[in-house]
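Q: I should like to learn how to read the features of a structural model, one at a time. May we begin once the model is in view?

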Amino acid sequence: MAKARIDITGNSQSFEQAARRVNVDLMKMNSNAQETGQAMSAFGNKTKAALAGIVSTAAITAFVKQMATVRGQFQQYEIALSTMLQSEEKAAALMGELVGLAAKTPFNLQGVVEGAKQLMAYGTA
């Protein structure tokens, strides 16, 4: 059997150039990936900030509504006591006492005022 021998000789310059191009392309891809990651992170941060602003606005709105409701109830209590006592000064003094009582006891202001109104309706001072 005869043996064949083939010698390949050549210039590796084109191979080295191709390897450099591949390396440059890989570096560009890495840089693009980093830029995309940073852009996504910035978008996420902006989204979080926007959501926090929306939640804060909703919380503030709810707080203001609650304050208006509480103030409205307080005024209703003052009017009811003023009518029953036939004196705004006496009603204001009694309201101050009732607020203090509600703060010191486990009862809320509504329960304390309603109890006081019932006592006054039955003639208890």
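Q: Which side chains meet in a salt bridge?

A: Please bear in mind throughout that this is a predicted model. A salt bridge is read from the distance between a side-chain nitrogen of Lys or Arg and a carboxyl oxygen of Asp or Glu, with a limit of within 4 Å. Here the side chains of E114 and K117 form such a pair, at 3.4 Å from N to O. By this rule the count comes to one salt bridge.

Q: Where do E114 and K117 lie?

A: Both belong to helix α3, and they are three residues apart, about one turn of the helix. E114 counts as partly exposed, because its relative accessibility is 31%.

Q: How is the span of a helix judged, and what span should the 13 residues of α3 have?

A: The general idea is to compare the distance between the end C-alpha atoms with the span expected at a fixed rise for each residue. For α3, 13 residues at 1.5 Å a residue should span 18 Å, and the end C-alpha atoms are indeed 18 Å apart. For α1, the 73 residues should span 108 Å, and the end C-alpha atoms are 107 Å apart, which agrees. Helix α2, residues 88–104, has 17 residues and reaches 24 Å from its first C-alpha to its last, close to the 24 Å expected.

Q: Which residues of α2 are buried?

A: A residue is called buried when its relative accessible area is under 20%. In α2 this applies to A91, L94, M95, L98 and A102. They lie on the same side of α2, because they cover an arc of only 110° around the axis. The face turned away from that buried side carries the exposed residues E89, E97, A103 and K104. As for partners, the buried residues of α2 pack against α1 (13–85) and α3 (109–121).

Q: Which residues of α3 are buried, and which exposed residues does the opposite face carry?

A: The reading proceeds as before. V112, V113, A116 and M120 are the buried residues of α3. Their arc around the axis is only 95°, so they lie on the same side of α3. Q118 and A121 are exposed on the face turned away from the buried side. The buried residues of α3 pack against α1 and α2.

Q: Which residues of α1 are buried, and against what do they pack?

A: The buried residues of α1 are Y77, A80, L81 and S82, and they pack against α2 and α3. Two of these may be followed through their contacts, leaving aside residues up to four places away in sequence. Y77 touches M95, L109, Q110, V113 and E114. S82 touches S87, E88 and A91; S82 counts as buried because its relative accessibility is 18%.

Q: How many residues does the largest nonpolar core have, and which elements give two or more residues to it?

A: A nonpolar core is read by linking buried nonpolar residues through their side-chain atoms. The largest one has eleven residues: Y77, L81, A91, L94, M95, L98, A102, V112, V113, A116 and M120. The elements that give two or more residues to this core are α1, α2 and α3. Helix α2 gives the most, with five residues.

Q: Which backbone angle deserves attention in the loop between α1 and α2, and in which residue?

A: Most residues other than glycine have a negative phi. Q86, in the loop between α1 and α2, has a positive phi near 55° although the residue is other than glycine. Q86 counts as exposed, because its relative accessibility is 73%. Another positive phi, of about 90°, is found in G123, just after α3.

Q: Is S87 in that loop buried or exposed, and which backbone atom lies 3.2 Å from a polar atom of its side chain?

A: S87 is found in the loop between α1 and α2. S87 is buried, with a relative accessible area of 14%. The backbone nitrogen of K90 lies 3.2 Å from a polar atom of the S87 side chain.

Q: What separates the C-alpha atoms of Q73 and L109?

A: Separation along the chain and separation in space are read independently. Q73 and L109 are 36 residues apart along the chain, while their C-alpha atoms are separated by 9.8 Å. Q73 is placed in helix α1 and, at 34% relative accessibility, counts as partly exposed.

Note on methods
Residues are numbered from 1 along each chain as its sequence is written. This is a predicted model: local features need pLDDT of at least 70, side-chain atom pairs count only at pLDDT 80 or more; totals for chains, interfaces and linings use all residues. Side-chain values use heavy atoms; hydrogens and water are left out. Helices (H or I, at least four residues) and strands (E, at least two) are DSSP runs, numbered from the N terminus. Buried means under 20% relative accessible area, exposed over 50%, partly exposed in between (1.4 Å probe, protein chains only). The arc is that of the directions from the helix axis to the C-beta atoms. Contact means heavy atoms within 4.5 Å. A polar contact is a pair of N or O atoms within 3.5 Å; within protein, one must be able to donate a hydrogen and the other to accept it, and residues adjacent in sequence count only if both atoms are side-chain atoms. A nonpolar core is a set of buried Ala, Val, Leu, Ile, Met, Phe, Trp, Tyr and Cys residues joined through side-chain atoms within 4.5 Å.
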